[in-house]
Amino acid sequence: MLSAILFNGEKFPYNPDVLIDYYGRQYICELKIWHGREYNERGEKQLIGYLDDYHLNEGYMVSFNFNKNKQAGVRELVMNGKKLVEAVV
């Protein structure tokens, strides 16, 4: 069974943007608009905090970049022992 919860930042300020439950396994995804590298790094730290809160080791972040010269793609990195998969679209 698949269920997804979309959190509204005004109602739930300390929850991930998307929490997916798929047959009892949880997946966390943060959604961001690209505002530069520093903003992106804050998003990574935020995601790691959510992974700690939910006792997970892997999370996902999708950044929407509207710059004409963007570098779209997917990358994986490990921070604080957590695997982050980031997509820039």
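What span should the 17 residues of α1 have, and how far apart are its end C-alpha atoms? At 1.5 Å a residue, α1 should span 24 Å, and the end C-alpha atoms lie 25 Å apart, which agrees. The model in which this helix is seen is a predicted one, and the paragraphs below start from its overall plan before returning to α1.

The protein chain has 89 residues, with 1 helix and 6 strands. Along the sequence, these elements follow the pattern β-β-β-α-β-β-β. Of the residues in the chain, 30% count as buried. Among contacts with a separation of 6 or more, 47% are accounted for by residues 24 or more positions apart.

The helix, α1, runs over residues 37-53. Which of its residues are buried? In α1, these are N40, G43, E44, L47, I48, Y50 and L51. They cover an arc of only 160° around the axis, and therefore lie on the same side of α1. An α-helix has 3.6 residues a turn, so residues three or four places apart point the same way. The face turned away from the buried side of α1 carries the exposed residues E38, K45 and D53. The cover over the buried residues of α1 includes the strands β3 (25-33), β4 (58-64), β5 and β6.

Two of the buried residues of this helix can be followed individually. L51, in helix α1, counts as buried because its relative accessibility is 0%, under the 20% cut-off. Leaving aside neighbours within four places in sequence, L51 is in contact with I28, L56, E58, G59, K82 and L84. One of these partners, L84, is 33 residues away from L51 along the chain, and the C-alpha atoms of the two are separated by 9.8 Å.

N40 is likewise found in helix α1 and is buried, with a relative accessible area of 4%. With neighbours within four places in sequence left aside, the contacts of N40 are W34, M61, S63, R75 and E86. The partner S63 lies in strand β4. S63 is also buried, with a relative accessible area of 2%. Not counting residues up to four places away in sequence, S63 touches K32, W34, N40, A87, V88 and V89. W34 thus appears among the contacts of both N40 and S63.

What follows the helix in the chain? Just after α1, H55 takes a positive phi of about 55°. H55 is found in the loop between α1 and β4, and it is a residue other than glycine with this positive value. It is exposed because its relative accessible area is 71%, over the 50% cut-off. A positive phi also occurs at N80, where the value is near 50°, again in a residue other than glycine. N80 lies in the loop between β5 and β6 and is exposed, with a relative accessible area of 67%.

The region around N40 leads on to the largest pocket. How much space lies in the largest pocket, and which residues line it? About 210 Å³ of space lies within it, and the lining consists of W34, R37, N40, N65, Q71, A72, G73, V74, R75, E86 and V88. By type, the lining residues divide into 4 nonpolar, 4 polar and 3 charged. At least two lining residues come from each of α1, β5 (73-79) and β6 (82-88). Of these elements, β5 gives the most, with 3 residues.

The lining brings together residues of contrasting exposure. N40 is one of the lining residues and is buried at 4% relative accessible area. A72 also belongs to the lining, but counts as exposed at 55% relative accessibility. A72 lies in the loop between β4 and β5. Its C-alpha atom is separated by 5.2 Å from that of V89, although the two residues are 17 residues apart along the chain. V89 is also among the residues touched by S63. W34, N40, R75, E86 and V88 are among the residues lining the pocket. Of these, W34, R75 and E86 are included in the contacts of N40, while W34, N40 and V88 are included in those of S63.

Conventions
Residues are numbered from 1 along each chain as its sequence is written. This is a predicted model: local features need pLDDT of at least 70, side-chain atom pairs count only at pLDDT 80 or more; totals for chains, interfaces and linings use all residues. Side-chain values use heavy atoms; hydrogens and water are left out. On a 1 Å grid over the protein atoms alone, a cavity is a set of points where a 1.4 Å probe fits but cannot get out, and a pocket is an open set with protein on both sides within 12 Å along at least five of seven lines; lining residues have an atom within 4 Å of a point. Grid points are joined across faces, edges and corners, and a volume is the space filled by probe spheres set on the points. Helices (H or I, at least four residues) and strands (E, at least two) are DSSP runs, numbered from the N terminus. Ala, Val, Leu, Ile, Met, Phe, Trp, Tyr, Cys and Pro count as nonpolar, Asp, Glu, Lys and Arg as charged, and the others, Gly among them, as polar. The expected span of a helix is 1.5 Å times one less than its number of residues. Buried means under 20% relative accessible area, exposed over 50%, partly exposed in between (1.4 Å probe, protein chains only). The arc is that of the directions from the helix axis to the C-beta atoms. Contact means heavy atoms within 4.5 Å.
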